[in-house]
Amino acid sequence: MQTWGENYWETYSPVVNMLTVRLILAIAHIHKLDSKSIDFVLAFPQAELDVDIWMALPKGFVPKGDEDHPSKYVLKLKKNLYGLKQASFNWFDKLKAGLVDRGFKSSVIDPCLYYKKGMIVITYVDDCIIVGNNMRNIDNFVRSMQNGKENFDLTDEGDIDKFLGIEIEHLDDKRFEMKQPYLIERICTTLGLIDNDWKAESNTKNTPVGKPVLSKDLEGKPRKLKWKYRTAVGMLSYLQGNTRPDISMATHQTARFCIDPRLSHEQAIMRIGRYLLGTANRGIIYEPDPKKGLECYVDADFAGGWAEADTDDAETVMSRTGYVIFYAGCPVYWVSKLQTEIALSTAEAEYIALSMALREVIPLMTLMQEIDSVFPLYIDKPNFFCKIFEDNQSCIKMAVAPKMTPRTKHIALKYHHFKRFVGNTIDISYVATDMQKADIFTKPLPDDAFFRLRHMLMGW
């Protein structure tokens, strides 16, 4: 048993944010950059141990000459084995040191993005993506990792066509698609929608969510099916966060009821599965437009979960935030989640959503300024500029006002953090509701509105 302060100290090791991955893929496509994927073989044992660690003899091992007393003997580890509390940290530390020694600098926003002139490396444990303006330099870098003093054992997997289970398909010179058909197949199999006697494929759904918004439904009927609710939610959450923003709102509302799911929650999961069954081979299509810079669409659904049956439950009047961040016309990050405070008006709900979105936008601008030093981005100079689109005029007036008004002074100060950026690096503009791309993240929509926004967001 390892003891903190004796056998280990630090255990945390970061992994790259998927926002960074999507952003780098869009930039690589715009600039026609060369790319390569590498995988480190048995990564953790390649790192050295930072302290002496001893372990008891494994079962089946006996000391020669003293077979009756194996408990008297211990083994000293020479390798950073999987299962040690600090194993992932030791590996991350070694990989970071190897990259820094080769002239790379770690991003202050995403510690798993490393950059130097003409090249960027992003890491996810033992998987790496390399993009650069010259394949010869990329190959030289890979060889230096293999033949350097660290003696990294890695495999060169060539051009990027798959990363963390995400397939990357180049449709033509202008477009590429990221999708996860095998994960969708696994989800549908888990839900019993594939290889069954009742031909579920003939009963697909056009949209992933319908009205009303889910509630706790404490008096509702119990579940009927045997699949694990939490497992299905976990797979759907990974899918929506990577390549299927069209199911974000539907997935998030089902994830709130993992403790005691009822029949209504089970049926909501099945609806998402039926929707995925009919769109299993689709993902998110990127068609980078160099004329567009950084944009963010923000929306909120004011107290959308309120129902007469749950009038005493404060959670039913929580508003839902939805926003999506674009670079060069490509969605790189999206969120659908409930707000943590009760908004008192539509304008206040929209203002809170705007503040939540800018918590991601402002650090992202710093990250993109770092990338701009390697590959010039399409950003306004001298200041990095982000366009924010909001469909509530009262919210816009609150955001651009130089001071708090009597009717807004009660809003927590944490929601005013972005005001010093407005008019400098943040520009907030009005957008008509039917062009509000974030609307798909806030509430169930009619079929025609859902299809229109899905095409604007995902390209199909």
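A residue is taken as buried when its relative accessible area is under 20%, as exposed when that area is over 50%, and as partly exposed in between (1.4 Å probe, protein chains only). Cys188, at 1% relative accessibility, therefore goes down as buried. The model is a predicted one, with local features needing pLDDT of at least 70 and side-chain atom pairs counted only at pLDDT 80 or more, while totals for chains, interfaces and linings use all residues. Residues are numbered from 1 along each chain as its sequence is written, and side-chain values use heavy atoms, leaving out hydrogens and water.

On to the cysteines. With a disulfide defined as a pair of cysteine sulfur atoms within 2.5 Å, the count comes to zero. Cys188 forms no such bond because the closest cysteine sulfur, in Cys258, sits 18 Å from its own, too far for a bond. Cys296 is also a buried residue, since its relative accessible area is 0%.

Cys296 turns up again among the contacts of Ile325 (contact here means heavy atoms within 4.5 Å). Ile325 belongs to strand 14 (residues 320-327); strands (E, at least two residues) and helices (H or I, at least four) are DSSP runs numbered from the N terminus. Ile325 counts as buried because its relative accessibility is 0%. Leaving aside residues up to four places away in sequence, Ile325 also touches Leu294, Glu295, Glu360, Val361 and Leu364, among others. Leu294 is 31 residues away from Ile325 along the chain, yet their C-alpha atoms are 7.4 Å apart.

Ser37, in strand 1 (residues 34-40), is buried too, because its relative accessibility is 4%. Its contacts, again skipping residues up to four places away in sequence, are Cys128, Thr155, Asp156, Glu157, Gly158 and Ile160.

Next, the nonpolar core, meaning a set of buried Ala, Val, Leu, Ile, Met, Phe, Trp, Tyr and Cys residues joined through side-chain atoms within 4.5 Å. The largest one has 141 residues, and Phe40, Ile120, Tyr327 and Ile426 have the most contacts inside it. Helix 8 (residues 346-372) is the top contributor to this core, giving 16 residues. Beyond four places in sequence, Ile120 touches residues including Ile24, Tyr114, Val131, Ile371 and Phe375.

Empty space was mapped on a 1 Å grid over the protein atoms alone: a cavity is a set of points where a 1.4 Å probe fits but cannot get out, a pocket is an open set with protein on both sides within 12 Å along at least five of seven lines, and lining residues have an atom within 4 Å of a point. Grid points are joined across faces, edges and corners, and a volume is the space filled by probe spheres set on the points. The structure has two cavities of 30 Å³ or more. The largest encloses about 150 Å³. It is lined by 17 residues, with Val213, Arg256, Gly305, Glu315 and Leu338 closest to its centre. The second largest cavity holds about 70 Å³. Its lining comprises 13 residues, of which Val209, Ile440, Lys443, Pro444 and Phe450 are closest to the centre. Helix 6 (residues 248-255) supplies the largest share of that lining, at three residues.

The largest pocket comes to about 450 Å³. Among its 24 lining residues, Gly210, Lys211, Pro212, Leu214 and Ser264 are closest to the centre. Helix 6 and helix 7 (263-278) are the elements giving two or more residues to the lining, and helix 7 has the largest share, seven residues.
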